[in-house]
Amino acid sequence: MKKIVFILMIFVLGPFVVRGQTTINIKTALQGIVDNLEQLSRRLTGNEELKIRKAALKNVIDLATAESNDLKNKLIKLEGLEGDYLKLRDTLLKELGNHSNYYDSINSVLERETNLVKIKNLSTQLKDWRRIVYHPILQRIINFILVFEGRDVLQLAEIRFNNISSDLRKVSNLEIIKDSPLNNLLVKAEGSLNKARELQSASMLIILKSSNNDTQKLIEDELDKIRETYSYFVEMSDWLKKASKK
Amino acid sequence: MENNLFNKIKLLKQIRPEAGFALSSRRIILDTTKKSHYQILFKKQLQQTFILSAAMGMAVVLLVIVGRISSLPLEGLSPELISSLNSKDLTLEQENLNFNIQLAEAKYYKESTTQVTMALNNDLDSVAMQKQAENINSLIKELAL
Amino acid sequence: MLENEAHIIRQAQQGNPEYFGLLYDHYLAPIYRFVFLKVDTKAEAEDLVHEVFLSAWKNIEDYDHLGFPFSSWLYQIARHKVIDYYRTKKNNLNIENVNEENFKVANAVESELDKNLDLDRVKDAIKQLGEDQQNVLIMRFVEDLSYPEISAVLDKSEGAIRLIQHRAIQNLKQIIRQSVETKNGEQFI
């Protein structure tokens, strides 16, 4: 019986445990790097420095692996991808896989290397790799995820807008509704939503081309417009509440 | 005869549920949390809601005909007709939209790549290393994952 | 099928009711027709349809879009709800076992049948068919589902579906004939 409960717990709690574990791994690795930096800032013997630099490199690779897993999960979770976007997502996943291979190769050198100079060279190599290979791909992945998460947020706002429009249409003949600010607010909400839609479309085009930083700005602006849309909805809701109490 | 029969059968596609039923049923279903025991009571509530909506709707129509709509208080309206502006639903939806979490995650990754890459610099003196350690510590505190 | 349906379903499975609302809006009419044509009253159809969607919402995590289309899953739920409904009902004329060879149709009767082919008569006749024949008839001719889609709902081969369709049409004609002849006071056999 206990075995069955245990197995059931793994299946039920599993996904949450995995997500939580990724966060723990990232935090642990970052804390490890902080500790290593603090140690390295003190006066050390050659052996001590070797040990700490090796540990620091290991923590950087652990962090990169945890971050890769997190991004991989986010990419896989994205739904409704088609055509070029699906291909791009698969390409990005493949890149993360390649990174994983690179980390493995660094790790295997790290494990057997006992020369401080060579460890420092390895550190430089990893730093350059991150700057030249990792950063650009990471930016592209972040932008890709942001654009599609933004799409989901937009879709929800559109559903809400359609429901509100439909409900208002049903009562549109009532004088009290005709004289109310509701229709005006709805028009404003539609304006904000249209702008959000434009920004979403623009960002969808850009992510296919490059890791342009403007994508993040577009998404931020889009989310601002969606926030604005909801503020109009809330204003409509507040008016309705007040009017019904009179 | 067979063709005529098929044509008649196809006409059955005109059958549609009533709008009032659709509205009430939809609202009740979507309000149901998946773990509720609502199903035991749904029929009673559906009937009561439907009758209440119909009665209120009829009251509104009659008043419009008589021309007294300008003085009609809003509580005369059926709540189901403007359910999409339910403030509790709107607030919940806003909270669940995760605007800030997504942007914070993007910010984390941007910061993390920069700070961690700098930490790999062999030429950092002890002051610079302390500074890097502080920067990464701030990152841990802001971690929104 | 709804555009972007897989995404909408996934969102609904994550507990977002607005997305289930989209599925509800899209499938309400066909599911309602399916149930309405099998039960006696509008009120009963409404009750059952409400139960179908409530059940679908509560159990949406059980749906796996890799197995069969979402519409098929809804039709399956609807089918089971109607079967439960039938279990409590007394009047359920099942003519699946009727031997068609006993009934020959004369041309004169055929033309008479054509004139009497109003919608109510057709609806009543469909209700008198057996469960499988009703299902195939409604899904194929009212809802325009393909054979593979119907096959997924009923868990039968496409060949079996075609055969059931053929028998359904023949039996439907026979029921309508009988109702016309009873109305006109004629005995057919």
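## Interface, long helix and cores

In this predicted model, 53 residues of chain A are in contact with 41 residues of chain B. On the chain B side, the elements giving two or more residues are α4 (87–96), α5 (99–119) and α6 (126–142) of chain B. The make-up of that side is tabulated here.

| Residue class, side of chain B that touches chain A | Count |
|---|---|
| Nonpolar | 25 residues |
| Polar | 14 residues |
| Charged | 2 residues |

Chain A carries helix α4 (residues 116–170), with 55 residues. From first C-alpha to last, α4(A) reaches 77 Å. That is close to the 81 Å expected at 1.5 Å a residue. Yet α4(A) has a kink of about 45° at Tyr134(A). The proline Pro136(A) follows shortly after Tyr134(A).

Now the cores. The largest nonpolar core has 51 residues. Ile31(C), Val35(C), Leu74(C) and Leu137(C) touch the most other members. Several helices of chain C each supply at least two residues, among them α1 (5–13), α3 (42–58), α4 (70–87) and α9 (158–183). The largest share, 12 residues, comes from α2(C). Domain 1 (5–87) and domain 2 (100–183) of chain C both give residues to this core, so the core lies between them.

Which residues does Leu74(C) touch, leaving aside those up to four places away in sequence? They are Tyr27(C), Ile31(C), Val52(C) and Ala56(C).

Another core, of 35 residues, lies apart from the largest one. Its members include Phe144(A), Leu146(A), Ala157(A) and Leu168(A).

Notes. Residues are numbered from 1 along each chain as its sequence is written. Chains are lettered from A and ligands numbered from 1 in the order in which they are written. This is a predicted model: local features need pLDDT of at least 70, side-chain atom pairs count only at pLDDT 80 or more; totals for chains, interfaces and linings use all residues. A nonpolar core is a set of buried Ala, Val, Leu, Ile, Met, Phe, Trp, Tyr and Cys residues joined through C-beta atoms within 7 Å. A residue is buried if 20 or more other C-beta atoms lie within 10 Å of its own, exposed if 12 or fewer, and partly exposed in between; C-beta atoms are placed from the backbone. Helices (H or I, at least four residues) and strands (E, at least two) are DSSP runs, numbered from the N terminus. Domain bounds come from an automatic or database domain assignment. Two residues are in contact if their C-beta atoms, placed from the backbone, lie within 7 Å. Ala, Val, Leu, Ile, Met, Phe, Trp, Tyr, Cys and Pro count as nonpolar, Asp, Glu, Lys and Arg as charged, and the others, Gly among them, as polar. The expected span of a helix is 1.5 Å times one less than its number of residues. The bend at a residue is the angle between axes fitted to the seven residues ending there and the seven starting there.
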